[in-house]
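Me: I am new to this structure and would like a close look at a single part of it. Please take the salt bridges of one helix and go through them with care.

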Amino acid sequence: MVYKPQFYPGATSVAENRRKHMSGKVEKLRDISDDDLTLMLGHRAPGSDYPSTHPPLAEMGEPDCSIRQTVEATPGAKAGDRVRYVQFVDSMYNAPATPYFRSYAAAINFRGVDPGTLSGRQVVEARERDMEQLAKFQLETEMTCPALASLRGATVHGHSLRLPEDGLMFDMLDRTRKEGNIVIMHKDQVGRPIDKKVNLGKPMSEAEAAKRTTIYRVDNVAFRNDKEVIEWVHRVFDQRTIYGFKPE
Amino acid sequence: MSDASPNTDYLQLEIYPSRLLNPDTAEALLNEIAMLEGVVRFFVHGPRIPQTVPYGPATGEIVNHPANKVIVVAGQEIDLEVSVGGVRLEVTDADVKENIREICDRLLPFSYEFREGLFIPTIQTVTDYAKRGPDADPMLLGMADPKGKLSKKPICILNKKSE
């Protein structure tokens, strides 16, 4: 029998969404062009070549190494790209993803990435073109709502604050704004103004965000209501404790 | 240090909306509160909005945040440096409290928490002493931005005629 990963226990919509994020089987909701993505990330000018830190691997004459023969380098590593980062912030008010699930999604579904998980933000470092591939995936799919999640390289304050009246997560650097019923980004992820307004699409309605979220909340799907998750969390903690217990 | 606030019979209230207020909503709310008889003093608080990017590669860039706006309260211009997340007030009695609740019901388009408690210090702290000295007016206790310079962020005296 072929092994099929189960990813996450639970019968609630939140558990189902967590499984979706971890497996990478998420719905694509919007299109963001490569140039727009490059503008938002702010690491290089749109359309320019990827700067490199070393020559392409093919030209470097790599040593005879079984690991190098077994594991194929990622496109970014092959080309010698710089390591660059993308950082997301997700609101606690039913944002679709959370830092942990962005990291699971990155580590399970992408190669050559280094996810960093913090309480309010999640950063991924990778070779530039590999990082862009991941950033695009996460921005275009249901892992991101333009109102409740945003690209924030610096000054990430906002994930745990109440939402402003327009429903866009508070951002003291004003990187995103609501124009009509769409959200635009007019600064890059660190707050430098960019040449054009990038259309991030329509924000999710409150009902849709509640349906797509991976956050357990007492005012939506409570953690305590997911019996199977509770059982597994108890089991994990129990076994961790027993494992460390060594009477002599 | 100076003694406690002059009138300990005053009630202290907090309005805590479920959303951060737009400057326009905050202006309307504060104007109604300022016009009310029996409101002794109030201040707004919330997440700070910087004029320029404070750190990172874009340090020094102008932010130009829409919530950073000059609002007019009781005829006085006030430069909002925070996104208004709450209002804390001191009022003379419970009737005023009900009037304020009625104003919030009318002006806030979403739910809010409204509670009575101790939100403004009644005894001078070391910071107050350092900022204002030993003979400070007790009415000014707790009324300054703790991170700001008093000369740059003065306290507005509204409705001076009632003093």
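Reply: Helices here are DSSP runs of H or I with at least four residues, numbered from the N terminus. The model is a predicted one, and the part chosen is helix α2 of chain B, which covers residues 94–107.

Within this helix, the side chains of R106(B) and E102(B) meet in a salt bridge, with N and O 3.0 Å apart. These two residues lie 4 residues apart in helix α2 of chain B, so about one helical turn separates them. R106(B) counts as partly exposed, at 45% relative accessibility, and E102(B) is partly exposed as well, with a relative accessible area of 41%.

A further salt bridge joins the side chains of E98(B) and R101(B), at 3.2 Å from N to O. Because E98(B) and R101(B) are 3 residues apart in helix α2 of chain B, about one helical turn lies between them. E98(B) is partly exposed at 41% relative accessibility, while R101(B), with a relative accessible area of 29%, is also partly exposed.

K97(B) reaches outside the helix: its salt bridge is with E116(B), and the closest N and O atoms are 3.0 Å apart. This pair links distant parts of the chain, since K97(B) belongs to helix α2 whereas E116(B) belongs to strand β6 (residues 112–116) of chain B, 19 residues apart. K97(B) has a relative accessible area of 16% and is therefore buried, the cut-off being under 20%, whereas E116(B) is partly exposed at 45%.

As for the wider setting, the count over all chains comes to 31 salt bridges.

Conventions: Residues are numbered from 1 along each chain as its sequence is written. Chains are lettered from A and ligands numbered from 1 in the order in which they are written. This is a predicted model: local features need pLDDT of at least 70, side-chain atom pairs count only at pLDDT 80 or more; totals for chains, interfaces and linings use all residues. Side-chain values use heavy atoms; hydrogens and water are left out. A salt bridge is a side-chain nitrogen of Lys or Arg within 4 Å of a carboxyl oxygen of Asp or Glu. Buried means under 20% relative accessible area, exposed over 50%, partly exposed in between (1.4 Å probe, protein chains only).
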